[in-house]
Amino acid sequence: MNIEQMKEYVSQRIDSVENKEVNENLINTNGILIHFIPENILDNNPIDWNDIDHKFKIQHSFRRLIGLDTRYSDLGDRILSYTPNNEYYICFQNGITETFIHPIENQNSLDGRFNYIKVENLFYAIRDFVEASKAVHEKLYKTIPPYQIFISLLGVQGTYFTSFDKNYVTTIPFPGKNARFEPFQLNSLTDNIMPEIINGIHYGIRATSQWRQNK
């Protein structure tokens with residue numbers, strides 16, 4: 001799968017979240033959608049959900065993304081882990097992993113009228129998902145690198161971004177419905193890609209919006 005095919009695939013998955021295809025009760029007003037996509041897609045259906053070892057490897061790898069009320073479904077071409085009603089992750093048989101987490105906005109801040117996103121909070125979700133995906137690829141999928149990581153912010157129109165670590169706040173509301181970052185390439189499952197992702201997201205936000213330093 002090349003980059004353009006991946007981007008089209010992510011667009012389809014964004015539509016899936018917006019249409020609540022995973023579950024009609026999914027709260028999708030805003031959230032972060034992340035994809036971990038191997039360039040060498042699998043066609044051998046490596047996951048057997050009836051295999052206790054396979055089930056343990058997936059659940060243990062994604063243990064930071066589940067709750068006590070998490071429900072699992074074997075849908076044939078994918079394993080769905082759904083936590084009512086604001087997040088899920090999916091392990092597709094072809095090696096693609098996906099998560100959606102709601103909410104990412106903080107309500108009624110920045111003078112009491114506007115929603116904002118603390119950028120650092122995004123990194124916790126991204127780190128947990130990337131590390132889980134790396135683990136399940138190493139232990140179960142056995143895929144060949146490289147991998148592309150796609151990060152999309154959904155339902156963020158009218159939102160502001162603020163960072164305490166980098167000391168900035170955007171000064172105009174985000175104009176688009178969704179924010180999509182260019183993919184980040186992971187060349188080895190042993191690499192730490194988080195510094196690149198952190199710098200890339202900060203750069204992307206400040207390059208596309210007016211901002212000022214926090215007082």
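Biologist: Let me start with a pair that caught my eye: are Arg13 and Glu98 buried or exposed?

Modeller: Both Arg13 and Glu98 are buried. A residue is buried under 20% relative accessible area, exposed over 50% and partly exposed in between, using a 1.4 Å probe and protein chains only. Please keep in mind that this is a predicted model, where local features need pLDDT of at least 70, side-chain atom pairs count only at pLDDT 80 or more, and totals for chains, interfaces and linings use all residues. Residues are numbered from 1 along each chain as its sequence is written, and side-chain values use heavy atoms, with hydrogens and water left out.

Biologist: What makes the contact of Arg13 with Glu98 a salt bridge?

Modeller: The term asks for a side-chain nitrogen of Lys or Arg within 4 Å of a carboxyl oxygen of Asp or Glu. The closest N and O atoms of Arg13 and Glu98 are 2.7 Å apart, so the pair meets the definition. Arg13 sits in helix H1 (residues 3–18) and Glu98 in strand E5 (residues 97–101), so the bridge ties together parts that are 85 residues apart in sequence. Helices (H or I, at least four residues) and strands (E, at least two) are DSSP runs, numbered from the N terminus. As background, side chains of opposite charge can pair when their charged atoms come close.

Biologist: How many salt bridges are there?

Modeller: The structure holds 7 salt bridges. One of them joins Lys57 and Asp53 at 3.0 Å, N to O. Those two residues are both in helix H2 (residues 52–61), 4 residues apart, about one turn of the helix.

Biologist: Why is Lys57 called partly exposed?

Modeller: Its relative accessible area is 22%. That value falls between 20% and 50%, so the label fits Lys57. Asp53, at 38%, is partly exposed too.

Biologist: How do you know that Asp128 is buried?

Modeller: Asp128 has a relative accessible area of 18%, which is under 20%, so the name applies. Asp128 is placed in helix H3 (residues 119–141). Leaving out residues up to four places away in sequence, Asp128 touches Arg64 and Leu65; contact here means heavy atoms within 4.5 Å.

Biologist: What makes a group of residues a nonpolar core?

Modeller: Its members are buried Ala, Val, Leu, Ile, Met, Phe, Trp, Tyr and Cys residues, joined through side-chain atoms within 4.5 Å. The largest such core has 43 residues, and Ile32, Ile126, Ile149, Ile151 and Ile201 touch the most other members. H3 gives the most to this core, with 11 residues. Apart from this core lies another, of 18 residues, among them Val17, Leu80, Tyr88 and Phe100.

Biologist: Which residues does Ile32 contact?

Modeller: Leaving aside neighbours within four places in sequence, the contacts of Ile32 include Phe100, Leu122, Ile126 and Ile151.

Biologist: How much space lies in the largest pocket, and which residues are closest to its centre?

Modeller: About 160 Å³ of space lies there. Of its 13 lining residues, Arg180, Phe181, Gly204, Ile205 and Thr208 are the closest to the centre. On a 1 Å grid over the protein atoms alone, a pocket is an open set of points with protein on both sides within 12 Å along at least five of seven lines, and lining residues have an atom within 4 Å of a point. Helix H4 gives the most to this lining, with 3 residues.

Terms used
1 Å grid on protein atoms, 1.4 Å probe; cavity = no way out; pocket = protein on both sides within 12 Å on 5 of 7 lines; lining within 4 Å. Points joined across faces, edges and corners; volume = space filled by probe spheres on them.
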